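Reader: I have a structure open here and would like to talk it through with you, a few residues at a time and then a whole chain. Could you put it up so that we are both looking at the same thing?

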Amino acid sequence: MRELLGPALAIARKDLRVERRSKEVVNAAFSFALVVLLLFSFTFDPSGDEVRTMSGGLLWLVYAFAGVLVLNRSFARETQNDCLDALVAAPASAAAILLGKTLANTVLLLALEAATLPVFTIFYNVRWDFRLGWLLVVLVLATWGFTVIGTVFSALTVNVQLREIMLPLLVFPITIPVLMAAVQLTTVIFTGEPMEPEMVWVRLLVGFNVIFTTLAGALVEYILVG
Amino acid sequence: MKSHADLAWGAATAAAMVGALYLAFVWVPTEASMGIVQRIFYFHMPPFVVAVVAIIVGMAASVRYLATRNLDWDDWALASIEVGLVFDTMNLITGPFWAKPVWGIWWTWDARLTSAFVLWLMFVGYLILRRAIEEPGQRAALSAVVTMFQFVGAIIVYMANRWWRTQHPQPVLAGGEGSGLAPEMRVALLGCLAAFLVLYLCLMRLRLRLARLGREVEGLRRTVHSL
């Protein structure tokens, strides 16, 4: 466990430090999220009452589109100066590298989501009387599920032609269950309906995360080492 | 390069297909409520079953490749998934032709339709990924890993979509196809399924040979470049 967590935390710290100093991804992804929010306003009447019932879907589409930008850079950043080779050669298992990268990406995505949420609620008239605790649970669970798949595929596509297109093409179909659960739960949270009938979606998120975190940890060796 | 075996396979597939057409269009009685359109079913459901068989074969071949590192298994994975995509496409195209007269719409985001479409997108993503990687060993390993993720993903997508539908009832629900099929219809269905399986095997033989030849050409090109 120590061999896994030690290097993983070191890699996560490194990624977050690089991002804190360069801010190359988060600034761009946040601006892109604003662009998507703007584009949505043209597809329907943004002041209508029905916006509330589709608010979860809107929010998570913004998160998914902007999130892919962050994930794309996660391993692409390591191609400069052959950093990826050094990372693989370092005394850290492939699973530790994946875990560290996933942790860093989850923190970055959560920061991006936290920054986008207030703007979203202002633009689309979502009142701040929803259950913030539940929203946090959903954000963390769904972001982890999306990020763990996204990070594996970011590693997988890093040396592939058309990397920027390949990543969303592969990631979105597999993460559909996460997005469905997140959309459903977020909409319920925003509209103030009871949570009890929706617990199946929380279980889906937990199950998805357990299954794919395990699978990713087991298979990432083949991706990074070959 | 045509051999006697090729001719035999071609003849067997052609005979099976003619038999399937006879069963579906002449032999089986017309369904009472839906009428003549229901006959599409015999060319709709069997391709999907074959597509699922093709994925399972592709998945097993991918696992075998990662265990043995023998590129022959990569050929199997590629051939099976590419041929499977053809059958899945056939399933997705025949579906709306049946749905329009029966449901009144071409498409609905019902659990099975959505899952079938997601599955199709996964197949396509897999094949596009393969084209984007040059080195055969890397291509084989990465696409084998992707197959495993997609296999598990497809199962969860289907489960999630079932829950989604029970939460949001669709205006039109899929008629219980498997439930209470008349004996003649079952015979026609199984006959068509057998015919499509023969077609799958026939296409697999050809696609496997093509994959091996493709790899040979790639190797030759490499040799020429290194001269």
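Author: Let us start with Arg20(A), which is found in helix α1, residues 2–22 of chain A; please keep in mind throughout that this is a predicted model.

Reader: Is Arg20(A) buried or exposed?

Author: Arg20(A) counts as exposed, because its relative accessibility is 56% and the cut-off for exposed is over 50%.

Reader: And which residues gather with Arg20(A) in a patch on the surface?

Author: The patch is one of positive charge, and besides Arg20(A) it holds Arg13(A), Arg17(A), Arg21(A) and Lys23(A).

Reader: OK, switching to Thr106(A): where is that found?

Author: Thr106(A) belongs to helix α5 of chain A, which covers residues 94–123.

Reader: Buried or exposed, that Thr106(A)?

Author: Thr106(A) is buried, since its relative accessible area is 7% and buried means under 20%.

Reader: What is Thr106(A) in contact with, leaving aside neighbours within four places in sequence?

Author: With those neighbours set aside, the contacts of Thr106(A) are Thr143(A), Trp144(A) and Thr147(A).

Reader: I also check backbone angles, so which residue that is not a glycine has a positive phi?

Author: One of them is Asp82(A), with a phi of about 55 degrees, and it lies in the loop between α3 (55–76) and α4 (83–89) of chain A. Asp82(A) counts as exposed, because its relative accessibility is 52%. Asn125(A), which is not a glycine either, also has a positive phi of about 55 degrees, and its place is in the loop between α5 and α6 (132–156) of chain A.

Reader: Let's move to chain B. How many helices and strands are there?

Author: Chain B comes to six helices and zero strands, and from the N terminus on its elements run α-α-α-α-α-α. Its C-alpha atoms fill a box of roughly 70 × 50 × 25 Å along the principal axes.

Reader: What share of the contacts in chain B, between residues at least 6 apart in sequence, join residues at least 24 apart?

Author: That share is 79%. As for burial, 45% of the 227 residues of chain B count as buried.

Reader: And what about the exposed area of chain B, and where the mean positions of its charges fall?

Author: Chain B exposes about 11,500 Å², of which carbon and sulfur atoms supply 71%. Chain B has 19 positive and 14 negative charges, and the mean positions of the two sets are 0 Å apart.

How values were computed
Residues are numbered from 1 along each chain as its sequence is written. Chains are lettered from A and ligands numbered from 1 in the order in which they are written. This is a predicted model: local features need pLDDT of at least 70, side-chain atom pairs count only at pLDDT 80 or more; totals for chains, interfaces and linings use all residues. Side-chain values use heavy atoms; hydrogens and water are left out. Patches are made of residues with over 30% relative accessible area and no salt bridge: like charges are joined within 9 Å, nonpolar side chains (Val, Leu, Ile, Met, Phe, Trp, Tyr) within 5 Å. Accessible areas come from the Shrake-Rupley method with a 1.4 Å probe; for residues, only the protein chains shown count as cover. A salt bridge is a side-chain nitrogen of Lys or Arg within 4 Å of a carboxyl oxygen of Asp or Glu. Lys and Arg count as positive and Asp and Glu as negative; His and the chain ends are not counted. The place of a charge is taken as NZ of Lys, CZ of Arg, CG of Asp or CD of Glu. Helices (H or I, at least four residues) and strands (E, at least two) are DSSP runs, numbered from the N terminus. Buried means under 20% relative accessible area, exposed over 50%, partly exposed in between (1.4 Å probe, protein chains only). Contact means heavy atoms within 4.5 Å.
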